[in-house]
Amino acid sequence: MFALVDCNNFYASCERVFNPSLREVPIAILSNNDGCVIARSNEAKALGIPMGAPAFKFEKIFKQKNIKVFSSNYALYGDMSARVMNILSEFTPDIEIYSIDESFLYFKGYDKIGLEKHLQKMKKTVEKSTGIPISIGVAETKTLSKVANRIAKKFPKHTGGIYIIKNEELRLKALKWLSIGDIWGIGRQHQKRLEALGLQKAYEFAQLNDDWVRKHMTVVGLRLKKELEGEQTLGLEGITNKKAIATTRSFDYEYKDLDYITERICSYAIICGEKLRRQDSCCQSIHVFLKSNRFRENTTYHSRGFTVQLPYPTNSSLDLVKFAKKALHQIYKQDISYKKAGVIVSRITPENEKQTSLFTEENPKHFPLMKKIDALNESYGKHTIKFGNQDLKHRWKMRQNHLSQNYSTKLTDVIEIKAD
Amino acid sequence: MEFILILFSTLEELTFMRTTLTHIKKIELSKSLVLPLAEKITAGFPSPAEDFLDLSIDLNKEFIKHPNATFFGKVSGDSMIDAGLNDGDLLIIDKSLEPKNNSIAVCFLDGEFTVKRVLCEKDKLWLVAENKNYQPIPVYPENDFVIWGIVTTVIKKIS
């Protein structure tokens with residue numbers, strides 16, 4: 001059985017662990033640079049604060065409605081996430097960390113009653129040890145476990161935060177409840193197509209003919225249908241063998257300026273390098289893409305990408321920057337306003353399996369240099385050391401007016417305990 | 001013994017946690033704080049201690065039983081001095097432990113963290129200070145109250 005474990009209102013919950021007086025207070029978490037709302041507590045959702053609400057527009061409403069606002073504190077959230085995931089991994093060796101607050105777990109050899117008890121214990125241990133509440137959905141396939149999790153979360157009183165799709169009857173019931181658009185991985189285009197056909201619920205999608213689904217929604221759509229039928233087509237992804245690492249962002253405005261875009265691409269390449277080094281691997285291929293605004297009328301949507309195969313496997317930020325710039329020059333066009341850009345590195349190999357070649361120009365000094373840079377950035381804060389291509393002013397631009405402390409990772413920031 | 005006294009000058013280096021979001025590493029608390037037991041011996045014959053050179057004291061292992069549930073906090077005030085908790089001391093707090101009667105616990109009471117002994121008396125709960133100048137505090141159902149974690153160790157800087 002697959003279980004999807006999801007931390008409830010994760011960012012808000014992290015803030016509440018170290019500030020329990022916020023337990024019932026509405027909380028909104030802002031994106032980097034305090035731009036817009038990226039996470040909300042249930043109370044803030046109930047007050048009608050939408051996801052992505054621009055902070056400056058909502059400042060008044062935050063005040064009026066007594067919504068507590070935080071800058072995103074990724075040092076804190078990352079640490080709390082690692083604690084939760086570590087505890088989960090004590091309950092099963094098979095775990096795929098899907099995002100900062102979600103994991104797929106696989107449980108073998110439990111009967112249904114045994115599993116339920118095991119999960120209750122797991123939930124209690126996580127919540128007691130970290131203070132982070134979680135919801136658990138269990139089913140025969142990953143896609144169904146996602147549905148089960150939705151049910152667990154939606155009806156906490158009824159489910160106690162754990163919902164198992166135990167049998168055929170419950171599976172059908174769940175599919176009849178789930179809207180097409182809420183199927184995990186359905187995609188906007190497919191959703192539109194199915195809704196245009198008058199389908200509303202996942203159940204109706206699962207009733208479609210296999211051939212039709214394959215023809216119109218490719219094998220990916222068919223896989224989705226099988227998953228909903230309880231036939232497992234997705235397994236746990238290996239944790240260290242990520243096939244690709246992507247760093248992509250939408251810009252705050254549309255940009256034409258080559259210098260600006262170059263700076264962004266270089267920064268993304270550097271972040272990819274950091275991610276590679278953190279998991280001790282190298283990449284052999286780097287892909288850069290630029291996109292214009294898809295939602296803008298009167299202009300044609302422009303999207304181009306270019307892939308460079310690297311002469312040797314590397315995780316050196318300097319190398320990645322060099323090749324990313326090469327790729328960028330292949331695709332950049334002067335008269336286009338770009339809204340989104342990204343760097344994706346792939347063909348990932350473990351660092352220790354790297355083959356040294358006699359004839360390539362890999363600089364052996366990069367490796368120790370990168371180690372030093374990573375160490376410095378770790379102890380003195382991100383972006384302490386930057387590369388010449390990066391925007392050096394950026395450090396001062398980052399707005400974090402509502403940042404909480406690094407309670408769990410910095411001794412100078414730990415909670416103060418009154419003894420008076 | 002419930003408390004220890006340690007001279008710590010490199011607390012900043014006790015890098016508590018390394019996290020990556022894309023994959024997970026078991027938290028390695030033992031990385032940065034290892035004190036070697038064996039001294040260098042300069043005499044001319046091979047040291048009988050050589051075979052044991054890899055032994056070392058790992059304070060993290062000794063004092064942190066549940067790394068994923070362990071947090072730190074700083075004491076402010078003098079209500080617990082008779083239990084050895086002084087102003088400015090650093091507490092190691094284990095959130096996973098169940099409070100026992102008389103445990104020293106970090107509690108959240110009406111808007112702030114406080115450290116006290118937790119005393120259960122019939123159906124009443126008391127927070128008891130360890131300083132004769134302070135009265136026990138009764139906890140009522142209408143108080144906003146949680147036992148946040150159990151204090152397992154106190155760390156003091158002597159100089």
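**Close-up views of the predicted model: salt bridges, a charged patch and local context**

By the distance rule of a side-chain nitrogen of Lys or Arg within 4 Å of a carboxyl oxygen of Asp or Glu, the count over all chains comes to 20 salt bridges. The model is predicted, and the views below take up several of these pairs together with other local features.

**View 1. The salt bridge between Glu96(A) and Lys142(A)**. The side chains of these two residues meet with an N to O distance of 2.7 Å. The pair links distant parts of the chain, with Glu96(A) placed in strand β5 (residues 95–99) of chain A and Lys142(A) in helix α6 (residues 142–154) of chain A. Along the chain, Glu96(A) and Lys142(A) are 46 residues apart. Both Glu96(A) and Lys142(A) are buried.

**View 2. The salt bridge between Arg277(A) and Asp374(A)**. Here the N to O distance is 2.6 Å. The contact connects two helices of chain A that are distant parts of the chain: Arg277(A) belongs to α12 (residues 258–278), whereas Asp374(A) belongs to α14 (residues 366–380), and the two residues lie 97 residues apart. Arg277(A) is classed as buried because its relative accessible area is 10%, under the 20% limit. Asp374(A), at 22% relative accessibility, counts as partly exposed.

**View 3. The salt bridge between Asp89(B) and Lys156(B)**. The closest N and O atoms of this pair are 2.5 Å apart. Asp89(B) sits in the loop between β3 (70–76) and β4 (90–94) of chain B, and Lys156(B) in the segment after β9 (145–155) of chain B. With their positions 67 residues apart in the numbering, the pair links distant parts of the chain. Asp89(B) has a relative accessible area of 6% and is therefore buried. Lys156(B), at 12% relative accessibility, likewise counts as buried.

**View 4. A salt-bridge network in chain A**. Asp210(A), Lys225(A), Lys226(A) and Glu229(A) are joined into one network by salt bridges that share partners. Side chains of opposite charge can pair when their charged atoms come close.

**View 5. A negative surface patch with residues from chains A and B**. The patch is formed by Glu416(A) and Asp420(A) together with Asp78(B) and Asp87(B). Asp420(A) is placed in the segment after β14 (415–418) of chain A. Its relative accessibility is 46%, so Asp420(A) counts as partly exposed.

**View 6. Surroundings of Phe70(A) in strand β4**. Strand β4 of chain A, which holds Phe70(A), spans residues 68–71. Phe70(A) counts as buried because its relative accessibility is 6%. The C-alpha atoms of Phe70(A) and Val37(A) are separated by 9.4 Å, and the two residues are 33 residues apart along the chain.

**View 7. The annotated segment of chain A, residues 2–187**. An unreviewed UniProt entry lists these residues as "domain: UmuC". Over this range the chain is 46% helix and 20% strand. The C-alpha atoms at the two ends of the segment are 22 Å apart.

**View 8. The fold elements of chain B**. The secondary structure of chain B comes to 1 helix and 9 strands. Read from the N terminus, the elements follow the order β-β-α-β-β-β-β-β-β-β. Chain B has 159 residues, of which 42% are buried.

Notes. Residues numbered from 1 in each chain as written. Chains lettered and ligands numbered in written order. Predicted model: local features only at pLDDT ≥ 70, side-chain atom pairs only at ≥ 80, totals over all residues. Heavy atoms only, no water. Patch = residues over 30% accessible without salt bridge, like charges linked within 9 Å, V, L, I, M, F, W, Y side chains within 5 Å. Areas by Shrake-Rupley, 256 points an atom, 1.4 Å probe, with all protein chains shown as cover. Lys, Arg positive; Asp, Glu negative; His and termini not counted. Charge placed at Lys NZ, Arg CZ, Asp CG, Glu CD. Helix = DSSP H or I, 4+ residues; strand = E, 2+ residues; numbered from the N terminus. Buried < 20%, exposed > 50% of the residue type's maximum accessible area, 1.4 Å probe, protein only. UniProt positions renumbered as here; feature names shortened; annotations may be inferred.
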